[in-house]
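Welcome, and please take a moment to look over the sequence and the model below. We will walk through a few places together, one at a time.

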Amino acid sequence: MLGITKEFAVVQVEKMTSPEKITRIYLKYQATDCVVDGKYYPIYDYAPEREWQHLGWFEYKCYLIAKLPRYKDKEGKIKTYKPNFSPPGRSYTNFFRSATIQLLQKIKVQNSVAEIMRTTPYIVRSIMEDAVEQGMINRGEVIHFNNISIDEKAYTRGHHYATIIMDSDKEHILDLQEGRREKDLKTLLYLLSGQETLPDLNIVNMDMWKPYMNVIKEVAPQATIVHDNFHVVKKLTEAIDNTRKKEVKNCDLLKFQKFNVLKNSENRSDQQKKLFTELAATNINTTKAWQVRENYKVLWSYINLNKETAKDLIKTWIDNSKTYAIEHVNKALNTIEAHIEGIAAALMTRTSSGLHENTNGRIQSIVARARGFANFERFRINALFYYGNLQYNH
């Protein structure tokens, strides 16, 4: 129940009820030597008494208390024996650490976990940080990854961004790097793989952020850069909303209809469909912008396309859409046209960043619960702890 080995014996149990309920379990090191890496060292003396928080016993907090033996190593330096019931240098037991990790994975709110475990948020955060560090060491360098998604995420107010790489095949985060410049992505790829070029990289899913594209073309020129359906639809949806904002002042029917005009037709209620039909009958640009987006989605019904055919389909859709002459739509179309190679690659390969975006949404929920992170490292630890698929030694 304590996780101690035969070198230690329980010599006293003390129960306290004031000022709080605490059980203190006193341990004594009873071996005559310190065994370190299979070698025996005579005990030199004992370090001052210290304590480790253990799992609670009913309504009582619990601490293990012991004086650890000290010994002289082969170089004559005095060292303190490291007990196996606690992580080195930490003030809690392995059982306490394991329970905290499992609780964090369920609750995802550090303050709540600290309250349940009757400890401080600082201790909970340190356990999370140690777990991620250990998990990354266990994983080692990621030498072989073929298909990845690259994205950016704001982790606090003031436009502080992080670059995130996800393994598209295994559906988990590989790592993060502060910033979204070319050098930030280069650094991240090198730290991940230990290589300056990535000849095995096959498909890279990303939005239309030029610094990311430049890096992939440099370190993995053979890779196919893909701007998938999600990113294109996002730009077209923004164009619809910007058009709506421009017209709402002069069109009463548009008032309080933001979410109705942005929705897919199959997601509208009967009442919303009726209102949208009335909007469409007015021949306003907002509904035309909506139709441009829906026409783009039709392109994804084609299968077995080669890249040139895919490009021709996109180009035809762009030309037809420009005939509406809608300002915000044309801006989006110009951006899409400039990235036609990556969008055609998405149509050809049927690649989607849906899983990445789902994970992005879950990461955003962590950011929201934390009300932003004080610094990048805390954001990185949280993202990797929950969505890095790391293996922890409990």
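Which residue in the turn of the hairpin formed by β3 and β4 has a positive phi? That residue is Asp37, with a phi of about 50°, and the hairpin has 2 residues between its strands. Before going further, a word on what you are viewing: this is a predicted model, in which local features need pLDDT of at least 70 and side-chain atom pairs count only at pLDDT 80 or more, while totals for chains, interfaces and linings use all residues. Residues are numbered from 1 along each chain as its sequence is written, and side-chain values use heavy atoms, with hydrogens and water left out.

The names of the elements follow a simple rule: helices (H or I, at least four residues) and strands (E, at least two) are DSSP runs, numbered from the N terminus. Two strands pair if DSSP finds at least two bridges between them. Strand β3 covers residues 33-36 and strand β4 covers residues 39-46; they run antiparallel, joined by 4 bridges. Within this pairing, Cys34 has Tyr41 of β4 as its bridge partner. Strand β4 also pairs with β7 (residues 69-72), again in the antiparallel sense, over 3 bridges. Here Ile43 is matched with Tyr71 in β7.

Now turn to strand β6, residues 60-66. Are its residues mostly covered or mostly open? They are mostly covered, since 7 of the 7 residues are buried, where buried means under 20% relative accessible area, exposed means over 50%, and partly exposed is in between (1.4 Å probe, protein chains only). In a regular strand the side chains alternate between the two faces of the sheet. In β6, Tyr60, Cys62, Leu64 and Ala66 point one way, Lys61, Tyr63 and Ile65 point the other way, and all are buried.

Strand β6 has partners of its own. With β2 (residues 22-29) it pairs in the parallel sense over 5 bridges, and Tyr26 stands opposite Ile65. With β5 (residues 50-57) the pairing is antiparallel and has 6 bridges; Trp52 has Leu64 as its bridge partner. The hairpin of β5 and β6 has 2 residues between the strands, and Phe58 takes a positive phi near 55° there. In the loop between β1 (8-16) and β2 you will find Pro19, and the peptide bond from Ser18 to Pro19 is cis, with omega near 5°.

What about the cysteines? Cys34 counts as buried because its relative accessibility is 0%, and Cys62 is likewise buried at 0%. The structure holds 0 disulfides, a disulfide being a pair of cysteine sulfur atoms within 2.5 Å.

Further along the chain, Thr163 sits in strand β10 (residues 160-167). Thr163 has a relative accessible area of 0%, so this residue is buried. Its contacts (heavy atoms within 4.5 Å) beyond the neighbours within four places in sequence include Ile150, Asp175, Leu188 and Tyr212. With Tyr212, the side chains make a polar contact at 2.7 Å; such a contact is a pair of N or O atoms within 3.5 Å, where within protein one must be able to donate a hydrogen and the other to accept it, and residues adjacent in sequence count only if both atoms are side-chain atoms.

Next come the helices. Helix α9 (residues 285-298) has 14 residues and reaches 20 Å from its first C-alpha to its last, close to the expected 20 Å; the expected span is 1.5 Å times one less than the number of residues. Among the buried residues of α9 are Thr286, Trp290, Arg293 and Tyr296. The elements covering the buried residues of this helix include α6 (229-247), α10 (307-322) and α12 (340-349). Following α9, in the loop before α10, comes Asn304. Asn304 has a positive phi of about 55° although it is not a glycine, and it is exposed, with a relative accessible area of 76%.

Our last stop is the segment after α14 (376-387), where Asn389 lies. Asn389 also has a positive phi, of about 50°, and counts as exposed at 51% relative accessibility.
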